[in-house]
Amino acid sequence: MLGVSNTSVMNMENAIRGARNPMNSWARMDSYYNDAHEYVLGENDLNLAKRLCGAGTDHRKFIRQILVSVDITAPLYWWKEYDTYKVATVANSTSTMHKIHSKPFELDDFSHDHMTEESKEKFQGYIDYMETIRLKYVETKDKAYWYDLIQLLPSSYNQLRTCTMNYETLGNIYRARKNHKLKEWHTFCDWIKALPYASDLITFTDGEK
């Protein structure tokens, strides 16, 4: 499973203004904030943005200045793949090192949505065993039990991270992962497609505009 929440898209106004710097064409800016304080691209600005995006990475530098912050909850096996994107990404995560023992283990702490019923039944027994270890650690503070928890923790464990990235990075992720075998990537790519002006600024194919 993968969940996204608290999405914020920031700095679009400044990015569009900067896109006009090379030609000193600020007078043609026609974007505005609507009553919901959402930045709406006017016809002039949107046409310019689409032309620059279609002209290649050297010309669409402005989308690197459109920033996105989002909370993502996903299993550790997905985070291992996400962590290959080190350029223009920042993340703060919940800590397994410090908080792994702070609450009882439950099935929904782990991604199990694609498990067979047989595996889910076996996995529940594994979780129950981890819970006995957690209780022993809470009672004794014996670090050996803490190590048991850390080293027994499966890659299906769900972790929350607050992530910041930009539209260019999201475009690279989308094109690389939209057909990935992991369903979590499909959920993430669906979230990307729902961002403001995603079809114009993120998910297009290079050279199509």
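In the predicted model, Gln 159 lies in strand S6. The residue is buried, its relative accessible area being 6%. Its side chain forms a polar contact of 2.8 Å with the side chain of Arg 161. Beyond the residues within four places in sequence, Gln 159 contacts Ile 72, Thr 73, Ala 74, Leu 76, Trp 79, Ser 93, Thr 94 and Thr 96.

Strand S6 (158-166) is also among the elements that give two or more residues to the largest nonpolar core. This core comprises 39 residues, and those with the most contacts inside it are Phe 62, Ile 72, Trp 78, Tyr 167, Leu 170, Phe 188 and Leu 201. Besides S6, the elements giving two or more residues are H1, H2, strand S4 (67-75), helix H3 (76-82), H7, helix H8 (183-193) and helix H9 (198-201). With residues up to four places away in sequence left out, Phe 62 touches Ala 15, Ile 16, Ala 19, Ala 49, Leu 52, Cys 53 and Leu 201. Another core, of 13 residues, lies apart from the largest one and includes Ile 100, Met 130, Ile 133 and Leu 153.

In helix H1 (residues 12-19), the buried residues are Met 12, Ala 15, Ile 16 and Ala 19. Viewed down the helix axis, these residues fall within an arc of 95° and therefore line one face of H1. They pack against strand S1 (3-10), strand S3 (39-40), helix H2 (43-54) and helix H7 (167-177).

At the level of the whole chain, the protein is divided into domain 1 (3-93 + 159-206) and domain 2 (101-152). The centres of domain 1 and domain 2, taken over C-alpha atoms, are separated by 37 Å.

Notes:
Residues are numbered from 1 along each chain as its sequence is written. This is a predicted model: local features need pLDDT of at least 70, side-chain atom pairs count only at pLDDT 80 or more; totals for chains, interfaces and linings use all residues. Side-chain values use heavy atoms; hydrogens and water are left out. Buried means under 20% relative accessible area, exposed over 50%, partly exposed in between (1.4 Å probe, protein chains only). Helices (H or I, at least four residues) and strands (E, at least two) are DSSP runs, numbered from the N terminus. The arc is that of the directions from the helix axis to the C-beta atoms. Contact means heavy atoms within 4.5 Å. A nonpolar core is a set of buried Ala, Val, Leu, Ile, Met, Phe, Trp, Tyr and Cys residues joined through side-chain atoms within 4.5 Å. Domain bounds come from an automatic or database domain assignment. A polar contact is a pair of N or O atoms within 3.5 Å; within protein, one must be able to donate a hydrogen and the other to accept it, and residues adjacent in sequence count only if both atoms are side-chain atoms.
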